[in-house]
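Morning, everyone. Please have the sequence and the viewer open, and turn the model as we go.

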Amino acid sequence: MSATPAPAPLPRHFYDRPTLEVARDLLGCHLIVDDGEERLIGRITETEAYLGFMDTACHSSNGRTPRTEVMFGPPGHAYVYIIYGIYDMLNLVTEAVGEPCAVLIRAIEPVQGEETMIARRNGKRGRDMLNGPGKMTRAMAITKTAHNRLDLCSGEGLWIEPGTPVSDDDIILGPRIGIDYAEPEHRDAPWRLRIATPQLRRQLEKKARQGNRAEE
DNA sequence: CTCCGGATTGACT
DNA sequence: GTCAATCCGGAGG
């Protein structure tokens, strides 16, 4: 039996950059959770950038509160909050102290520990297992209680490692999800980033055709 | 496949 | 009191 590899988390300066760049470079990276019993690994396939004060979709644009405090601190920490009473959302804090920005991790694909993920998702497997931010945290057992404010560069509990790089041609940009309350310029901004799979390309082409039809 | 309503509770007005 | 960076199941096409 082989020993578990030592954690090799991405360093803090990875997160200390413009948030859109971080969101882009996180695609293809490995998200790792280690509870001391088992190490789970997922490859990041979808992210959203939240750009701080100026972004009316970003929680921190309403000011500094106990909940958003961690976003105002140093980069490379986890911001985990609960939405709709029941779902934990994982964000990675970016940019310098005083710039309250973050990247939401929306979807992964399994790399290691898939059977545990399936069990935590109540037997759900395949396409619908990890394709949403609440599904992903449920499968990985990421919670506000256990992981909010955690240092992602310590290699303890939760961190990111390099994975398989993604070329610019394989990234699809689109508007972010679930932020209808934001100002139009932020609501419609293409700050949702996804790795393009053949299935996703087909799906979007189909949608575009329907849209064109409605125009006439 | 798409559309629609209910679940459930912390955070903030 | 209202709302939220969501998910799921059921109804209809």
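**A helix, two DNA strands and a core**

I will start with helix α5, residues 133-140, which is mostly covered, with 6 of its 8 residues buried. Before going further, note that this is a predicted model.

Which residues of α5 are the buried ones? They are Pro-133, Gly-134, Met-136, Thr-137, Ala-139 and Met-140. Those buried residues pack against four strands and a helix: β1 (30-34), β2 (39-50), β4 (87-94), β5 (101-112) and α4 (114-120). Just past the end of α5 comes Ala-141, with a positive phi of about 60 degrees.

Next, the core. The largest nonpolar core has 40 residues, and the members that touch the most others in it are Leu-31 and Leu-90. What does Leu-90 touch, if we skip residues up to four places away in sequence? The contacts include Leu-31, Val-80, Val-103, Ile-105, Ile-142 and Leu-158. Two residues from the helix we began with, Met-136 and Thr-137, are also touched by Leu-90. Apart from this core lies another, of 13 residues, with Val-93, Ala-102, Leu-104 and Ala-182 among them. As background, nonpolar side chains in soluble globular proteins tend to be buried together.

Now the hairpin. Strands β3 and β4 pair in the antiparallel sense, over 6 bridges. Find Ile-82, and opposite it in β4 you will see Asp-88. The hairpin has 3 residues between its strands, and there Tyr-84 takes a positive phi near 55 degrees.

Tyr-84 takes us to the DNA. Which residues are around DNA strand B? They are Thr-65, Pro-66, Arg-67, Tyr-84, Gly-85, Ile-86 and Lys-144. Of the atoms of strand B that come within 4 Å of the protein, sugar and phosphate account for 78%. By class, the residues of this surface divide into 3 nonpolar, 2 polar and 2 charged.

Some individual distances on strand B follow. A backbone N or O atom of Tyr-84 is placed 2.4 Å from a base oxygen of DNA strand B. For Gly-85, a polar backbone atom lies 3.4 Å from a base oxygen of that strand. Lys-144 uses its side chain: a polar atom there is 2.5 Å from a phosphate oxygen of DNA strand B.

On to DNA strand C. There are 20 residues around DNA strand C, and those that come nearest are His-59, Asn-91, Arg-121, Gly-134 and Tyr-181. How much of the contacting part of strand C is sugar or phosphate? Of the atoms of DNA strand C within 4 Å of the protein, the figure is 57%, and the rest belong to bases. The surface near DNA strand C has 12 nonpolar, 5 polar and 3 charged residues.

Again, look at single contacts. A polar side-chain atom of Tyr-81 sits 3.1 Å from a base nitrogen of DNA strand C. Tyr-87 has a polar side-chain atom 2.9 Å from a sugar or linking oxygen of DNA strand C. Gly-134, one of the buried residues of α5, has a polar backbone atom 2.8 Å from a phosphate oxygen of DNA strand C. Four elements give two or more residues to the surface near this strand: β3 (78-83), β4, β5 and α5.

Two loop residues are left. Arg-176 is in the loop between β7 (171-174) and α7 (184-187). Is Arg-176 buried or exposed? Arg-176 counts as buried because its relative accessibility is 5%, and the cut-off for buried is under 20%. Its side chain makes a polar contact with the side chain of Asp-55, at 2.7 Å. A polar atom of the Arg-176 side chain also lies 2.9 Å from the backbone oxygen of Ala-49. Beyond four places in sequence, the residues that Arg-176 touches include Glu-48, Tyr-50, Ala-57, His-186, Trp-191 and Arg-192.

The other is Gly-163, in the loop between β6 (158-161) and β7. Gly-163 counts as partly exposed because its relative accessibility is 33%. Where else in the chain does Gly-163 make contact, leaving aside neighbours within four places? With Gly-28, Cys-29 and His-30. The C-alpha atoms of Gly-163 and Leu-27 are separated by 8.6 Å, with the two residues 136 apart along the chain.

That is the end of my part.

Notes. Residues numbered from 1 in each chain as written. Chains lettered and ligands numbered in written order. Predicted model: local features only at pLDDT ≥ 70, side-chain atom pairs only at ≥ 80, totals over all residues. Heavy atoms only, no water. Buried < 20%, exposed > 50% of the residue type's maximum accessible area, 1.4 Å probe, protein only. Contact = heavy atoms within 4.5 Å. Near = heavy atom within 4 Å. Polar contact = N/O pair within 3.5 Å; in protein donor to acceptor, adjacent residues only side chain to side chain. Nonpolar A, V, L, I, M, F, W, Y, C, P; charged D, E, K, R; others polar. Core = buried A, V, L, I, M, F, W, Y, C linked by side-chain atoms within 4.5 Å. Pairing = 2+ DSSP bridges.
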